[in-house]
Amino acid sequence: MQPELQEKYLAALDAEANKQWVEAFDLLTAAAAGGHPDALLRLGDIYRHGNRAARRNSEEAIKCYKQAARTGFAPAAFRLYSVYDEDKDLMRYVIEYNVHQKAMANEFEKGDDRDEAILKQ
């Protein structure tokens, strides 16, 4: 983990605690762009529920949760499953479970996108 990503993530948490929503969102976005799993999870939560800096956007939330889950970050996989459970989209849930299992087993390869191709349909 790059130290500057962790610094941005922690600064974002401080900004949220001080109700500086836009600053927090910008810092989380920067840390998430670098692949920080906690930042991806928090950014996904913001997109899932919305706040003063970002409108609710389920698709963006799913993207964040997927990216974090692929690092093996289990809380992100749980959030991803719960989004699909809320939407009652069982097929997507099953496919995401398969994608997550590959990631957790360190078998996911960038060239293996069969499940993701189904999701884009």
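Biologist: Which residues is Phe-25 in contact with, leaving aside its neighbours within four places in sequence?

Modeller: Contacts of this kind show what packs against a residue from elsewhere in the chain, and in this predicted model Phe-25 is in contact with Leu-43, Ile-46, Tyr-47, Ala-53 and Ala-54. Phe-25 is also listed among the residues with the most contacts inside the largest nonpolar core, which has 27 residues, and Leu-43 and Tyr-47 appear in that list as well.

Biologist: Which helices supply at least two residues of this core?

Modeller: Each of α1 (3-17), α2 (21-33), α3 (37-49), α4 (58-69) and α5 (74-87) does so.

Biologist: How should I read Glu-16: is it buried or exposed?

Modeller: The relative accessible area decides this, with buried meaning under 20%; Glu-16, whose place is in helix α1, has a value of 12% and is therefore buried. Not counting residues up to four places away in sequence, Glu-16 touches Trp-21, Ala-24, Leu-28, Arg-42 and Ile-46, and of these Leu-28 is one of the core residues with the most contacts.

Biologist: How many of the 13 residues of α3 are buried?

Modeller: Ten of them are, so α3 is largely enclosed by the rest of the structure; the buried residues include Pro-37, Gly-44, Asp-45 and Arg-48 alongside Leu-40, Leu-41 and Ile-46.

Biologist: What does α3 reach from its first C-alpha to its last, and which residue just after α3 takes a positive phi?

Modeller: The helix reaches 18 Å, close to the 18 Å expected at 1.5 Å a residue, and just after α3 the residue Gly-50 takes a positive phi of about 80°.

Conventions
Residues numbered from 1 in each chain as written. Predicted model: local features only at pLDDT ≥ 70, side-chain atom pairs only at ≥ 80, totals over all residues. Heavy atoms only, no water. Core = buried A, V, L, I, M, F, W, Y, C linked by side-chain atoms within 4.5 Å. Buried < 20%, exposed > 50% of the residue type's maximum accessible area, 1.4 Å probe, protein only. Helix = DSSP H or I, 4+ residues; strand = E, 2+ residues; numbered from the N terminus. Contact = heavy atoms within 4.5 Å. Expected span 1.5 Å × (residues − 1).
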